[in-house]
Amino acid sequence: MAIDEKYVSSPTTSEADEARLVVTKRKVKWYRSTWFNALVLGLCNFMAPGIWGSMNALGGGGEQSPRLVNAANALTFCLMVLTCALSGVFVKYLGIKWTLILGAAGYCPYAAGLYCNNRYGSSWFVLLGAALCGLGAGIFWMAEAAIALAYPEPENQGRFLGFWLSFRIFGQILGGAVNVGLNASRDTAGKVSYSVFQVFIALQALAPVTGLLLSSPSQVQRTDGVTVSCGIPKSQRVFDELKATGRLFLGSKFILVIPLIAQSVFGEAVFFTFIGSWYSVRARALGSLLSGIVALIAGNILGQWLDSKRLSLRTRTRGAFGAIMITSGAWWLWGTIIATRYYRDKPLYDWTSSGFGTGFAWFLFMVLNFQVNYMYLYFVIGNLAESDEEVVRYAGLLRGTESAVQAVSYGLCSIPVMGQVGCIYLNFGLWAIAIVPAWLVIKDFGIGGDKKLAREGRRPATQAADSDTKHVLP
């Protein structure tokens, strides 16, 4: 294997304290590279949760009233809590790759249920599809999160996250583009064309097939030569695995970031219900398209920031946290003002209506805000895990907590007064509660080095990446 040695910065270095690390750049087979696996993971994300998000971005799954779909989504997230809690057991027996494939297979029945409801008016299939989706999505969410944290080289962690999560947004963009084309003449409230769901069913059926292209951890070839580890030992007893997961859940660090997780993901049901309640079919389709584009750009900018080699890990983490929390507070304040007015006046906006832009712009900013919050959560969890096994367990805990919060969120949004105004007030409060506990954890990131480097045994020789000492290349 050809070798090209060069000096690169450790992810925890800065210009002021420049501990350098020699990384051996190795040529790898393209289909075993981390970026090819990022592409496969992204395509699975696009076809499964990406298309799911596209349907929800239409407002209430594209239905005239969002209440049935919000209730179905609440069921989905309740069941996801269960499978996320057991995700370590699935990985122990199936491995991370086949856990991902099994989980991806659960999404298609959800789209099929929405199709039958849209075309034939049946409600039971929506609930069945939501249940099957929940059982699969819990382990899928855990598996893709663990892969995204374990597979990439440390210097590519942020860009890998941004690239992978971009595909979830591609699903939303595609769904929005299709719907703008099919519903451009519909300037009234109502449900979207059932032909849209036929496309969604086909795409979601391809998700588990695409997952077959993913490399198992032992097959991944990284340019730094480090062997990837992402799994639970076969020798680990099921009871011991559940106990280890419970211990992490009850640990002070994870408990302190639970409010941050809650305020980040509670809003998805809120702003999708908002666009479904007050906007016409074609305006909702346009919102799905444009919000995906702005979220795509913002997520990749954040990924570049988190991988910056000119700044210390501590600076990058704190800077991102400050920017995200300040802008989130501004958006929620704006949202409470808009929602109060809309609840009082009961408007229905089309893109030709006077006053259309105010609430529509808020929706775009909220989807952007969700994307950067969502991505930042992975970065936080990656800096909590002390071992490869903890990556899997923390990924399951993150996704399980997200699922529990979203189950509550979608359930509350199925109640008209909460969906139209109450949940926006509630999410504003969650944002305020999250700031201090999250800071108590995040302020320590970067002290003692990068956790991913530590897990992989690749600490700089100085062991002082965030110290005040400057180290010069020989």
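Is cysteine 230 buried or exposed in this structure? At 7% relative accessibility, cysteine 230 counts as buried, and this briefing goes on from that residue to the chain as a whole, to one pair of packed helices and to a handful of individual positions. The model is a predicted one, and the values given below are computed from its atoms.

**The chain as a whole**

- The protein chain contains 17 helices and two strands, and of its 474 residues 61% count as buried.
- Among the contacts in the protein chain with a separation of 6 or more, 85% are accounted for by residues that lie 24 or more positions apart.
- About 17200 Å² of surface is exposed by the protein chain, and carbon and sulfur atoms supply 66% of that area.

**Packing of helices α2 and α5**

- Two packed helices are described by the angle between their axes and by the distance between the axes.
- Helix α2, covering residues 67–85, packs against helix α5, covering residues 124–150, at an angle of about 35°, and their axes are 7 Å apart.
- The crossing in which α2 passes α5 is right-handed.
- On the α2 side the contact is made by residues including Leu68, Ala72, Leu75, Phe77 and Met80, while on the α5 side the residues that take part include Val126, Ala130, Gly134, Ile139 and Trp141.
- Sorted by class, the contact of α2 with α5 has 16 nonpolar residues, four polar residues and no charged residues.

**Cysteines**

- A disulfide is a covalent bond between the sulfur atoms of two cysteines, and the structure holds zero disulfides.
- For cysteine 413, the closest cysteine sulfur belongs to cysteine 423 and is 3.7 Å away, which is too far for a bond because a disulfide needs the two sulfur atoms within 2.5 Å.
- Cysteine 413 has a relative accessibility of 3%, so this residue counts as buried.

**Lysine 346, a residue with positive phi**

- Most residues other than glycine have a negative phi.
- Lysine 346 is not a glycine, yet its phi is positive, at about 50°.
- The residue is found in the loop between α13, which spans 313–345, and α14, which spans 356–382.
- With 48% relative accessibility, lysine 346 counts as partly exposed, because that class lies between the 20% limit for buried and the 50% limit for exposed.

**Buried positions within helices**

- Serine 409 has its place in helix α15, which comprises residues 388–413, and its relative accessible area of 1% makes serine 409 a buried residue.
- When neighbours within four places in sequence are left aside, serine 409 is in contact with Phe266, Ala269 and Val270.
- Leucine 114 is found in helix α4, made up of residues 108–120, and at 1% relative accessibility leucine 114 counts as buried.
- Although leucine 114 and valine 69 are 45 residues apart in sequence, the distance between them in space is 8.3 Å, taken from C-alpha to C-alpha.
- Glycine 53 lies in helix α1, residues 34–57, where glycine 53 is buried with a relative accessible area of 6%.
- The C-alpha atoms of glycine 53 and glycine 175 are separated by 8.9 Å, and these two residues are 122 residues apart along the chain.

**Partly exposed positions and their contacts**

- Threonine 358 is found in helix α14, and at 32% relative accessibility threonine 358 counts as partly exposed.
- Not counting residues up to four places away in sequence, threonine 358 touches Trp334, Ile338, Arg341 and Tyr342.
- From threonine 358 to tryptophan 334 the separation is 24 residues in sequence, and in space the two are 9.7 Å apart, C-alpha to C-alpha.
- Glutamine 221 is found in the loop between α8 (207–211) and α9 (238–249), and with a relative accessible area of 22% glutamine 221 is partly exposed.
- Residues touched by glutamine 221, not counting those up to four places away in sequence, are Val28, Lys29, Arg32, Ser33 and Thr34.
- Glutamine 221 and proline 152, which are 69 residues apart in sequence, are 9.8 Å apart in space, C-alpha to C-alpha.

Notes:
Residues numbered from 1 in each chain as written. Predicted model: local features only at pLDDT ≥ 70, side-chain atom pairs only at ≥ 80, totals over all residues. Heavy atoms only, no water. Axes fitted to C-alpha atoms, helices over the stretch in contact; angles between N-to-C directions. Helix = DSSP H or I, 4+ residues; strand = E, 2+ residues; numbered from the N terminus. Left-handed = near helix turned anticlockwise from the far one by under 90°. Contact = heavy atoms within 4.5 Å. Nonpolar A, V, L, I, M, F, W, Y, C, P; charged D, E, K, R; others polar. Buried < 20%, exposed > 50% of the residue type's maximum accessible area, 1.4 Å probe, protein only. Areas by Shrake-Rupley, 256 points an atom, 1.4 Å probe, with all protein chains shown as cover.
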